[in-house]
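Me: I should like to understand how the terms used for a protein structure are justified. May I put some questions about this one?

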Amino acid sequence: MPVNISDVMSGKKIELIPRDPGKIGIYVCGVTVYDRCHIGHLRSMLSFDSIIRHLEYRGYIVNYVRNFTDIDDKILNRAEEIIEGENGDWRKHERYLTYTENEWNQRLDDDRKIREINKSSGNPLALDVSDYFISQFEADISPYGMRAPDVQPRVSTHMDDIIDLIRKIIANGFGYESGGDVYFDVEAYHSETGNYGVLSRRDYSQLREGARVSPGDLKKNGVDFALWKAARAGEVSWDSPWGKGRPGWHIECSAMSCNYLGTSFDIHGGGKDLIFPHHENEIAQSEAGYREKFARNWMHNGFVTVDGVKMSKSLGNFLSLDDAAQLAQPETWRFLVLSVHYSSPIDFSRTRKNAEGEIIRGSVDVAAERVQYFYQTIARVNELLENIEIMSDVPSIKPEIAGRLVEKFNNAMDDDINTAVAITYLGEAAKAINELASMKKKEVRKIGEESYYFTLSELRRELMICASVLGIFQRNPNEFLEEMKNFEIKRRGLTHNEIQSVIDLRKEAKDNRNFNKADELRDSLLEKGIMIKDMPGFTTWDIRF
RNA sequence: GGCGACGUCGCCAAGCGGUAAGGCAGAGGUCUGCAAAACCUUUAUCAUCGGUUCGAUUCCGAUCGUCGCCUCCA
C-alpha cells in the first residue's frame, strides 16, 4: 500500500509519489539560532521524525535536510544587546516584559558565555551567538533520539549559493537592486505566474492593498521582500555584487534546499506558522530563480498550545527545552507528540482541578502514565517468556490482534502518518498481553500452553516492531522504569529513604493490625503521587501520575 | 476587517459518504485486611439550522462559538 499524505498546497490527501522512485528528499525548516529552543520546536522535530522514520521503514531512502538559520535580524539584535551589556536599554523592550527571574538568569548567563567565547574566537559576535545556540540546540535535543538530518546546512556557509540564486532571480526579471538592498518583485512574479498566495490561500490583490510602503522604503511595492540586505555599520557582512550585506529571511531556505535536494524535490515541511510569509516567499523565489516547480508536497505540523492558547513569547506561556526536561522524560514528550496527529494542535497541560474541584488529568501526566504502562507491560511479557521455547505451528488465541498488529499499524501510518491511531493499536496489543499475563495457570493449561506462549511472543514481536518505527519503548524496560521512578520522585521532592521509612512504619502498623494507621500512612504517600503496593510477602511502591 | 482551521462522551483524541477507535476520569466486578496494579463490564448520534444523497459526524450553505494567520515565530 502506498503512503498517503495531506498536501497543504492542494489541500488534499494524496499518494506520495517520489520524484525518483524509492527515494524521498525532504527539507524541514529548522531553527533560527538566536536563543534557546522551546517545546514548539521539539514538537515540530518529533513530528517530522515520525514521518521520516515511517518513510524509511517503508523502504524509502530518505534524504533529510534541516537547516540552521544562523544569520538573521534576530541574531544581529542579540549580538547588539550583548554588546550593550547587561544594563542596556534593550531590557526594556516589550518582548522581555514577561521574562521570569529564571529566564533572566539564563538569558544573562548565556550572554556572558557568548561574550567570553567571543574574546578568543576572532569571529564576528553574531556568528558566536549562532554557534553557541547551535551547540545548545544539539545538547537539548540529543536525549530525544531523533533520526539525525543527513545535512544541517547553515546560511553562513552557503553565501555563494544564495548570491547565485539572487542573481538568477534578478536576471529573470523578478528582483531589483535598490540602495544596496535587493528585493523580490512580487508584482512581476504574480502577474506572470498568478501563483503568489496559493499555498497560504491568500488573495494577491488584497495582500497588495494591505501592505504599505512606508516613507523612505526602498521597495517598489509593499509586498516585496528583501533578498539581500545592505550591511549596517559594524554588522557582520559578506561581499556581493550589490555590495557588502547579508541575505534576507526566506532566501536561505530556497538556496539550501535546492542545493541539496535539487530544484524540485519531494517534501517541504515546517510549522504551520511558516506557511505565510516564509514558505510562500520560498516558492516565489525558487520558482522565479530556477524556473521549476519547487516542493512537490507541503507538510506542516500544528502548534503547541497551553490551555488552548498558542504558546508565544509575548504571552509568557512558552516552555523551553530546559523546562521540558524538568517536567517529563524524553520518551514522555515523544509519546505525547505521537498521541496527536502531526497537523493538529497539541494542548499541553498539567493535572489540575476544575471549577467543580474535579481533577482533570494533564496531557503530560497522561502521556507519562501510558509510557509507564507500556514499559511495565513489556517487562511483564519479557519475564513470562524467559526460558520459554516458542512453538510456531499453533493457533493464536488473540487472532484479532496477534498476527495483525503490524498490518493495522502500517495502515494507520500509511494514512497520513496517523500516529494517534497507530498508538492505539499498540495499546490493544499491550492490553492483550496483560490479559494473558493475568490468567491463572489452570486457565492457561485449559487453552493450551503452546498457543498461550506463542500468542504472547507474537504480540511482543509485533509490538516491538511498531514501537521501533515510532522510536518508543526501545530501552531495557526495568532500567527505564527505575529511571522513571528516580526522575519522578525527584520531581516530587522525595527520596527513596523517605518513602521506605513510611513503608516501614506502615508495616509495623499492619503487623499490629492497626489498619487505620496503615491506611493513613498509605494515603499520605498517595497525596504525593506515590502508590504503595502490597505484593505477596513484601511491599513496594510505584509512581502515580 | 481579510483569509484559514476547528467545534465528536466530564477531559483528551481518532474518524475523510454507509449508521461513532482509543486513552483519562466515573460506575460495577475479579483480586485484596483495605488498597494498588492488571483484566472484565458499562457511559455519545458528533455546536445549531437547512440542503445534496438510498444513506452524512463525514459533502454544500447559513448561524453561533473557539482558535490561528495577516509583524518575528515550529
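The questions and replies below concern the terms that apply to this structure.

Me: What kind of model is this, and how are its parts numbered?

Reply: It is a predicted model, in which local features need pLDDT of at least 70 and side-chain atom pairs count only at pLDDT 80 or more, whereas totals for chains, interfaces and linings use all residues. Residues are numbered from 1 along each chain as its sequence is written, chains are lettered from A and ligands numbered from 1 in the order in which they are written, and side-chain values use heavy atoms, with hydrogens and water left out.

Me: What makes a stretch of chain A a helix or a strand, and how many of each are there?

Reply: Helices are DSSP runs of H or I with at least four residues, and strands are runs of E with at least two, numbered from the N terminus. By that rule chain A has 19 helices and 17 strands.

Me: Why is Q500 called partly exposed?

Reply: Buried means under 20% relative accessible area, exposed over 50%, and partly exposed in between (1.4 Å probe, protein chains only). Q500 has 34% relative accessibility, so Q500 counts as partly exposed. This residue lies in helix α18 (residues 496-511).

Me: How do you know that helix α11 is mostly covered?

Reply: Eight of the nine residues of α11 (residues 330-338) are buried. Among them are W333, F335 and L338. In chain A, buried residues make up 51% of the 545 residues.

Me: What is called the largest nonpolar core, and which residues touch the most other members?

Reply: A nonpolar core is a set of buried Ala, Val, Leu, Ile, Met, Phe, Trp, Tyr and Cys residues joined through side-chain atoms within 4.5 Å. The largest has 153 residues, of which I39, L55, F184, W333, F348, L426 and F473 touch the most other members. Helix α12 (residues 363-385) gives the largest share of this core, 10 residues. A second, separate core of five residues includes W90, Y96, W104 and L108.

Me: What makes a residue a contact of F473?

Reply: Contact means heavy atoms within 4.5 Å. Leaving aside neighbours within four places in sequence, F473 is in contact with residues including E331, F335 and L426.

Me: How do you know that the span of helix α2 is close to the expected one?

Reply: The expected span is 1.5 Å times one less than the number of residues. Helix α2 (residues 73-84) has 12 residues, and its reach of 16 Å from first C-alpha to last is close to the expected 16 Å.
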